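Subject: The model I promised you

Hello,

Here is the structure I said I would pass on. Have a look at it first, and then read on for my notes.

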Amino acid sequence: MIRIERRLTGARWLVVAVPLGSLIGAAILSSMILFLTGHDPIATWARLLDRGFFASGAMSATLVSATPLLLTGLAAAAAFRMQTWNIGAEGQLYLGAIGASGIGIALSGQPALMIIPAMVVAGLAAGAAWAAIPGVLRAYTRTNEIITSLMLNYVAGLLMSYLIFDSHSYWRDLSSFTARVFPQGKYLSEAGSWPSFVIGGIVIPLGLLLGMVAAAFLWLVYTATRFGFEARVIGDSRAAAHYAGIRTRRKIVAVMALSGALAGLGGASEIGDFRHVLDPRGLQQASFGYGGIVVAALARLNPFAVIVVAILLGGLSNAGFSLQGATFPAGLVGTLQGLILFCALGGELLVHYRIRIGRPTRKAPQLGPAGVA
């Protein structure tokens, strides 16, 4: 019989050995699949690394892919550290994109110094407001936040599609006959495009820098403030936090709003850094919100580790797009990416649990004072 037991004590060597073993296992399994499908594993891995990180312009594209993953990963980490399961970063990112694009269109004609900060604030506020809904339901009606935040993802996706494809909304471009026949959003003015910075030939988007600042802010909140201390106490034991006089309901709503604000900033970054238009199909196909959960899990909820993991997964995603072609189908790329993530997350399980093979030993019955079981 195979069973999984929780480790009572954690060994430090596991923290290094498990991720390394997971990557080696992923490489072996992926190489077997590549070999069976008629591809050279070594050449494919070399192309994967080259297209993701080392080719000309690869690192710049990787950072663009990593930016929304970084912010949604921070959003998941912010909530998960209080044992509050916000699965709604996807929808909160959509609302951030709606808010940022809306304010960007409204301020068209104004200078960039006015538009860009307004877009950042709008993205933060829209994401926070959307995340506060499952937060309030969890705090005051004990509704499961996993279900409500997940369902709100679909609501946000339908809302975003309605604004562009099924209505004559403020966000939809109706300025020409072609735009009316083929629905699309209004593009931002040039001043609404977020600036980027070139360091060593690598283009760094503003959203990535904001994400790094957000990671430092989140780390500071959880390690050096009363707010973070109370959130960690609630995560360890809500009953103990309530007994200690901590206002758990307010804290749950506040943490959910903080989490949603980070995801909303990811949506604003997608509009300002990359798309410059509300793009429902593109945002929904990217699934950055769900990817952020994987990023947070691999980073073990450490905000600074989230930055590293987001860049690695961004490189993997970017290389996957580059590998696709007539001889390398998209399904095979997705299989390789899925195997790497599966092995990485499976390895995380082994850090906290051990696998036992054999029959469980039966405990002797406890005898009472008179020797009666």
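Let me start with a question: in the loop between which two helices is the place of His276? That residue sits in the loop between α11 and α12, the latter spanning 280-286. Please keep in mind that this is a predicted model.

His276 caught my eye for its backbone. Its phi is positive, about 65°, although the residue is not a glycine. As a reminder, most residues other than glycine have a negative phi. His276 counts as partly exposed because its relative accessible area is 21%, and buried would mean under 20%. Leu301 is another non-glycine residue with a positive phi, here near 65°. You will find Leu301 in the loop between α13 (288-298) and α14 (303-323).

Now the overall picture. The protein chain holds 15 helices and four strands. Its C-alpha atoms fill a box of roughly 90 × 60 × 40 Å along the principal axes. The chain has 373 residues, and buried ones make up 45% of them. If you take the contacts with a separation of 6 or more, 74% are between residues 24 or more positions apart. The accessible surface comes to about 19200 Å², and carbon and sulfur atoms account for 67% of that. As for charge, there are 27 positive and 14 negative side chains, with the centres of the two sets 15 Å apart.

On to the interior. The largest nonpolar core has 80 residues, and the members that touch the most others are Leu74, Leu278 and Leu313. Once neighbours within four places in sequence are set aside, Leu313 is in contact with Leu69, Val294, Val295, Leu298 and Leu341. There is also a second, separate core of six residues, with Ala76, Ala79, Phe80 and Ile87 among them.

Ala79 also turns up in the surroundings of Thr84. Thr84 lies in the loop between α3 (58-80) and α4 (89-106). Is this loop residue buried or exposed? Thr84 is buried, since its relative accessible area is 0% and the limit for that label is under 20%. Beyond residues up to four places away in sequence, Thr84 touches Ala79, Glu145, Arg238 and Met256.

Helix α11, which covers residues 248-275, gave me three residues to look at.

Ala268 is placed in this helix. With a relative accessible area of 0%, Ala268 is buried. Leaving out residues up to four places away in sequence, it touches Gly96, Ala97, Ala100, Met119, Gly123 and Trp194. Gly127 is 141 residues from Ala268 along the chain, yet their C-alpha atoms are separated by 9.6 Å.

Next comes Ser269, also in α11. Ser269 counts as buried because its relative accessibility is 2%. Its contacts, again without neighbours within four places in sequence, are Thr67, Leu71, Trp194, Gly207 and Phe274. Trp194 is thus a residue to click on twice: it is touched by Ala268 and is in contact with Ser269.

Phe274 is the third residue in α11. At 46% relative accessibility, Phe274 counts as partly exposed. Outside its neighbours within four places in sequence, Phe274 is in contact with Val64 and Ser269. Phe274 and Phe288 are 14 residues apart in sequence, and their C-alpha atoms are 14 Å apart in space.

Finally, the strands. Which way do β2 and β3 pair? Strand β2 (residues 196-199) and strand β3 (residues 202-205) are antiparallel, with four bridges between them. Ile199 stands opposite Ile202 of β3, and Val198 stands opposite Val203 of β3. The hairpin has two residues between its strands, and Gly200 takes a positive phi near 60°. When you turn the hairpin around on screen, it may help to recall that side chains in a regular strand alternate between the two faces of the sheet.

If you only have a few minutes, I would open the loop with His276 and its positive phi, then the hairpin of β2 and β3. I would be glad to hear what you make of them.

Best wishes

How values were computed
Residues are numbered from 1 along each chain as its sequence is written. This is a predicted model: local features need pLDDT of at least 70, side-chain atom pairs count only at pLDDT 80 or more; totals for chains, interfaces and linings use all residues. Side-chain values use heavy atoms; hydrogens and water are left out. A nonpolar core is a set of buried Ala, Val, Leu, Ile, Met, Phe, Trp, Tyr and Cys residues joined through side-chain atoms within 4.5 Å. Buried means under 20% relative accessible area, exposed over 50%, partly exposed in between (1.4 Å probe, protein chains only). Contact means heavy atoms within 4.5 Å. Two strands pair if DSSP finds at least two bridges between them. Accessible areas come from the Shrake-Rupley method with a 1.4 Å probe; for residues, only the protein chains shown count as cover. Lys and Arg count as positive and Asp and Glu as negative; His and the chain ends are not counted. The place of a charge is taken as NZ of Lys, CZ of Arg, CG of Asp or CD of Glu.
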